[in-house]
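Trainee: I should be grateful for a close look at the part of this model where the two chains meet, and at the charged pairs and backbone features that go with the chains themselves. Please treat it as one connected account.

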Amino acid sequence: VSGTVSDREAKILGIIETARAKRAKFRDAHVTMAHGAGGKATQGLIEGLLAPAFGMDELPDAAIVDGGFALTTDSFVVKPLRFPGGSIGELAVNGTVNDLAVAGARPLALTLALVLEEGLPAETLKAEVEAIAHAAAAADVRVVAGDTKVVERGHADGMYVCTTGLGLVDARARLSPAALRPGDRILISGRVGDHGTAIMLARGEFELGATIESDTRSLWPAVDALLDAAGPAVRCARDATRGGAASVLNELARASGVAMIVREADVPVHPAVAGAAELLGIDPMYVANEGKLVAFVAPEAADAALAALRAAPGGAEAADIGEVKTEPVGMVLVETAFGGKRVMDQLVGDPLPRIC
Amino acid sequence: VRYVDEFRDAGLGRALAGEILGEVEPGRHYKLMEVCGGHTHSIYKYGIDDLLPGNVELVHGPGCPVCVIPMGRVDDGIAIAHQPGVIFTCFGDMLRIPGSHGSLQDAKAEGADVRMVYSPLDALRIAKANPDRDVVFFAIGFETTAPSTALTLKRAKAEGVHNFLCMSNHVTIVPPLRALLDSPDLRLDGFIGPGHVSTVVGARPFEFIPADYGKPLVVAGFEPLDVLQAVHMILRQLAEGRCEVENQYTRVVPYEGNRRALEVLAEVFALRPHFEWRGMGFISQSGLKLSDAYADFDAELKYAVPGVRVADPKACQCGEVLKGVIKPWECKVFGTACTPERPIGTCMVSSEGACAAYYNFGRFAREREVV
């Protein structure tokens, strides 16, 4: 005899999955912090309000426009402005560069808009402008146009930074969120959760005797290496920012109509990040990264792709963490290190606001 | 976290699962209740269910501190949060608990200064940094968290931080267990006792369960091997015809509890004559308010709160879930009208809530063999 899932339970689960697969709606009376967290509320805002208003089915981070160019835009509101391993200026460059990179586009140029708070020390501004210039040079991208605005004291928390990026779609890339097939392998370019944990510790909300540095970096070299090694066998890539790797996996499982299984024991996590997450009751898979990508690669090319990722800058700890499956459609499952199985669902609520 | 890895060893887990199988009487169905929400969370997080034979069923109990908060208390909290000048602080889970007109998160979006904290000391720190504002801490939890609230209040008093206030929703573990055991629709074979609460109260207060109700109880830790071992110990008691309180979590839980913590609780808190529990109604002597010595810090005395008893939403069956009478998926609104992003009931909010845990983690558990 087998099965604890009775017919009735299975039927109810079926109803839930149907409800879950429906397009998210935006029905809230106010914007809450959850709308900025990259989870279900964000999805409701995009799918329920923004995309339909512009006559789009979806509104991705980056889009391919006519002529083989990719276009993306992003705003940065991180608090504090500087943190171990980086600052708002570096994030503003790398975040936008990475949205282009994972769309398979070589970053070419950025525009920069600064919203500055009255009273911001000139030294702070100079340091961030320098950080932007430095990160742009490192990512081999030029800042070519911009805008500045100043708002009264008490607004904008020092500064907000907005960047728009233009990239050239690489001829080797055949990336699409709907391209995943059962059997594809799931690769991650390094350990998860460093950025979010670094910000949390930098805010001084927890006194842990550990220093974690943000992983902010350009992901183009990693994407370049992946495309070199596996070309069209790379089905899709995503940078695992807000909402962490778990959110990326869920988004793509839905977009491709597939399931995924992640082997928890194979996911690289810094011991201090694991420790902090344990204390706070959060899962590092949901904590933000600013220099990690998740790539889905056809099985025959996966080993070569993993080797290429490991040889790319910042990729020494890249790992094969799981596989694309057929059922249950749209779901991400985890094989726990203890030998059990559970669902890794989309993020609800906001464990950590304003991390980028 | 290296020091706990040995309690998460998959090989030892499989070995223990084999021993559990050896204690199971073929054809018999076992229903064991894990009292504590922390256990519920562990069971789902590690997929412990998957290692048990199909006829050993784990039933989730009333020990999720967020889940037992009734709607009226949330409304009272929101009313305080809207008072001019108040900074209202609470744990993250509380932000999304629905009151009768929205949650604390909604109150925040409407302009109330609601801040998430990770400990009562964070709230005290906010109070010191904002001496011209009242900082109210919405305290929740069993005897596990009550001592940290108590110590924070002691410190506030010692340091003269009089703009720090507490709205106490602290509860005690024994009265709801007794209420649960007295309810006629309950069918349980044994209990996995709450490890964290027991570090404070000890294991002795649970002796009434075997003595008066004839059910074994094993106080257990929260690592997967702890839970499996506790299941094994309960099944062995049943197999041998024993019925007693045993302590699996001896590395942390003294049988007599933590006397100093209990003294601090007795100094700072006093038992309420009765307190309302979500889905379980009023239970005598089950809630803690601030003692007379700490009345100056009591937010309920300083602010006139509505204090209205709000009936749980009709469709919500959190009470039956908390009592382990139904499984989360058997609730009429589970997963359709009530989801983690739009919860109707408390059990769908906290990561320790049975419904949220089942919705988030448990829906596709592996099929198990029944012996």
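**Chain A, the interface and the salt bridges**

Mentor: Of the 356 residues in chain A, 50% are buried. The model is a predicted one, and what follows should be read accordingly. I begin with chain A as a whole, pass to its contact with chain B, and then follow the charged pairs within chain B before closing with the backbone.

Chain A contains nine helices and 14 strands. Its radius of gyration is 20 Å, close to the 21 Å that the globule rule gives for 356 residues, so chain A is as compact as a globular protein of that length. The C-alpha trace of chain A spans about 75 × 50 × 45 Å along its principal axes. When contacts in chain A between residues at least 6 apart in sequence are considered, 84% of them join residues at least 24 apart.

The interface comes next. Chain B contributes 46 residues to the contact and chain A contributes 45 residues. The size of an interface is often expressed as the accessible area lost when the parts come together. Here the area buried between chain B and chain A is about 4,000 Å², and carbon and sulfur atoms give 56% of that area. Charged and polar pairs also cross the interface: the rule finds two salt bridges between chain B and chain A. One of these joins the side chains of B:R342 and A:D28, with an N to O distance of 3.5 Å. In addition, four residue pairs are in polar contact across the interface of chain B and chain A, both residues of each pair being at pLDDT 80 or more. On the side of chain B that touches chain A, the elements giving two or more residues are α2 (10–23), α3 (37–46), α5 (104–109), α6 (120–129), α11 (224–240) and α15 (354–362) of chain B. The residues of that side of chain B divide into 20 nonpolar, seven polar and 19 charged.

Charge pairing is also found within chain B. Side chains of opposite charge can pair when their charged atoms come close. Over all chains, the structure holds 43 salt bridges. One of them is formed by B:D226 and B:R251, whose closest N and O atoms are 2.9 Å apart. B:D226 lies in helix α11 of chain B, whereas B:R251 lies in the loop between β9 (245–247) and α12 (259–268) of chain B, so this pair ties together parts that are 25 residues apart in sequence. The partners can be set side by side in terms of accessibility: B:D226 counts as buried, at 1% relative accessibility, while B:R251 is partly exposed, with a relative accessible area of 42%.

A further pair in chain B is B:R272 with B:E300, where the closest N and O atoms are 3.0 Å apart. This pair links distant parts of the chain, 28 residues apart: B:R272 is in the loop between β10 (269–271) and β11 (274–277) of chain B, and B:E300 is in helix α13 (residues 299–302) of chain B. B:R272 has a relative accessibility of 11% and counts as buried.

B:R242 and B:E244 form another salt bridge, their closest N and O atoms being 3.3 Å apart. B:R242 counts as partly exposed at 25% relative accessibility, and B:E244 counts as partly exposed at 31%. Both residues belong to a network of salt bridges that links B:E23, B:R236, B:E240, B:R242, B:E244 and B:E246.

The backbone remains. Most residues other than glycine have a negative phi, and most peptide bonds are trans. In chain A, a cis peptide bond joins A:K79 and A:P80, with omega about 0 degrees; A:P80 is in the loop between β2 (69–76) and β3 (82–83) of chain A. Another cis peptide bond joins A:E327 and A:P328, with omega about -10 degrees, and A:P328 is in the loop between β12 (319–325) and β13 (332–335) of chain A.

Positive phi values appear in A:A156, near 65 degrees, and in B:Q285, near 55 degrees. A:A156 is placed in the loop between β6 (142–151) and β7 (159–169) of chain A and counts as buried at 8% relative accessibility. B:Q285 is placed in the loop between β12 (281–284) and β13 (288–290) of chain B, and at 44% relative accessibility B:Q285 counts as partly exposed.

Conventions
Residues numbered from 1 in each chain as written. Chains lettered and ligands numbered in written order. Predicted model: local features only at pLDDT ≥ 70, side-chain atom pairs only at ≥ 80, totals over all residues. Heavy atoms only, no water. Contact = heavy atoms within 4.5 Å. Buried area = accessible area lost by both parts, 1.4 Å probe. Salt bridge = Lys/Arg side-chain N within 4 Å of Asp/Glu carboxyl O. Polar contact = N/O pair within 3.5 Å; in protein donor to acceptor, adjacent residues only side chain to side chain. Helix = DSSP H or I, 4+ residues; strand = E, 2+ residues; numbered from the N terminus. Nonpolar A, V, L, I, M, F, W, Y, C, P; charged D, E, K, R; others polar. Buried < 20%, exposed > 50% of the residue type's maximum accessible area, 1.4 Å probe, protein only. Rg over C-alpha atoms; globule rule 2.2 N^0.38 Å.
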